[in-house]
Amino acid sequence: MKNVKRILALVMAVVLCFALAACGKTADKTDLDYVKENGKLVVGITDFEPMDYQDKDGNWIGFDAEMATAFAKSLGVDVEFVEIDWDNKIAELDGKSIDCVWNGMTLTDEVKGGMECSAPYCNNAQVVIVKASVADKYQTKDSIKDLNFAVEAGSAGKKEVEALNLKFTEVKDQATALMEVKSGTADAAVIDALMAAAMVGEGTDYADLTYTVGLNSEEYGVGFRKGSNLAEELNKFFKAAYADGSLQKCAEKYKIQASLIEQK
């Protein structure tokens with residue numbers, strides 16, 4: 001009987017050792033390991049020219065799209081772009097339906113509190129969009145107080161109109177906010193300055209719109225799951241890309257070079 005008990009104790013000890021080893025292995029797995037095992041980096045985006053938008057063939061292009069593709073390649077994995085509900089971006093990350101948010105994302109306190117963020121790589125601001133025919137009436141923050149705004153849900157633009165106690169309607173994305181102003185269903189919109197420079201004014205699909213009041217100044221970053229080591233990997237990638245000039249070259253291609261932040 002004693003021998004049987006010893007054998008059972010030995011078997012249980014061995015099983016326990018294997019279980020602990022397996023748990024340790026799981027605990028030691030990093031976010032980088034997870035992405036490499038999946039063979040792809042899933043990037044959460046919205047339609048946001050010049051950062052992420054589609055060409056005539058439906059391929060995602062733009063400054064952020066190109067840099068995300070290059071980063072994935074540096075990790076030895078493919079890239080996959082997924083359009084997300086911007087208001088649910090942190091939940092999308094935590095649920096692992098995406099691996100990062102890379103879409104001209106403003107580094108707000110909410111973003112930095114809920115994500116592991118990269119170093120900032122672009123300067124930006126939130127600007128007011130109105131029809132060009134009435135732009136001279138809306139050149140100050142005080143002058144826009146009676147306008148009805150369209151803003152992207154969960155965006156930095158929404159935060160700015162809330163801070164000013166302005167009337168607004170939430171829409172899917174910034175492109176939709178522009179359409180609301182063009183159609184006359186909203187008096188104005190608040191969008192990113194980089195998007196405004198690319199999509200509004202002469203030579204664009206929104207030639208009848210313009211931007212007037214700047215509401216703030218801000219910086220863009222890329223967000224990963226909280227605690228993810230991919231943020232540091234991206235910081236290294238940004239530094240290398242800045243050093244070899246590829247970051248600047250891509251910024252020039254999409255005409256955002258004046259907003260690029262030096263990566264040291």
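Helices (H or I, at least four residues) and strands (E, at least two) are DSSP runs, numbered from the N terminus. This is a predicted model, in which local features need pLDDT of at least 70 and side-chain atom pairs count only at pLDDT 80 or more, while totals for chains, interfaces and linings use all residues. Residues are numbered from 1 along each chain as its sequence is written, and side-chain values use heavy atoms, with hydrogens and water left out.

**Exercise 1. Find your way around helix 6.**

Task: Find what lies at the two ends of helix 6, and list which of its residues are buried.

Solution:
- Step 1. Start at the N-terminal end, where Ser-155 acts as the cap: one of its side-chain oxygens lies 3.3 Å from the backbone nitrogen of Gly-157. This is a polar contact (a pair of N or O atoms within 3.5 Å; within protein, one must be able to donate a hydrogen and the other to accept it, and residues adjacent in sequence count only if both atoms are side-chain atoms).
- Step 2. Now go to the other end: just after helix 6, Asn-165 has a positive phi of about 55°.
- Step 3. Look for buried residues (under 20% relative accessible area; exposed is over 50%, partly exposed in between; 1.4 Å probe, protein chains only). In helix 6 (residues 156-163) these are Ala-156, Gly-157, Lys-158, Glu-160 and Val-161.
- Step 4. Their cover includes strand 5 (100-106), strand 8 (126-131) and strand 13 (218-224).

**Exercise 2. Map the open sheet.**

Task: Work out the strand order of the open sheet of 5 strands, and name the strands at its edges.

Solution:
- Step 1. Follow the pairing (two strands pair if DSSP finds at least two bridges between them). The order is 10-9-11-8-12, and the pairing is mixed.
- Step 2. Strand 10 and strand 12 (209-214) are the edges; each has a single partner strand, so one side of each has no neighbour in the sheet.
- Step 3. Zoom in on strand 8 and strand 11, which pair in the antiparallel sense over 4 bridges. Here Gln-126 has Asp-192 of strand 11 as its bridge partner.
- Step 4. Add helix 7 (residues 174-183), which packs on the sheet and touches strands including strand 8 and strand 12.

**Exercise 3. Place Glu-262.**

Task: Is Glu-262 buried, partly exposed or exposed?

Solution:
- Step 1. Locate Glu-262 in the segment after helix 10 (246-253).
- Step 2. Its relative accessible area is 46%, so Glu-262 is partly exposed.
- Step 3. Check Cys-122 too: it is 140 residues from Glu-262 in sequence, yet their C-alpha atoms are 8.7 Å apart in space.

Definitions and conventions:
Contact means heavy atoms within 4.5 Å. Axes are lines fitted to C-alpha atoms, for helices over the stretch in contact, and angles run from 0 to 180 degrees between N-to-C directions.
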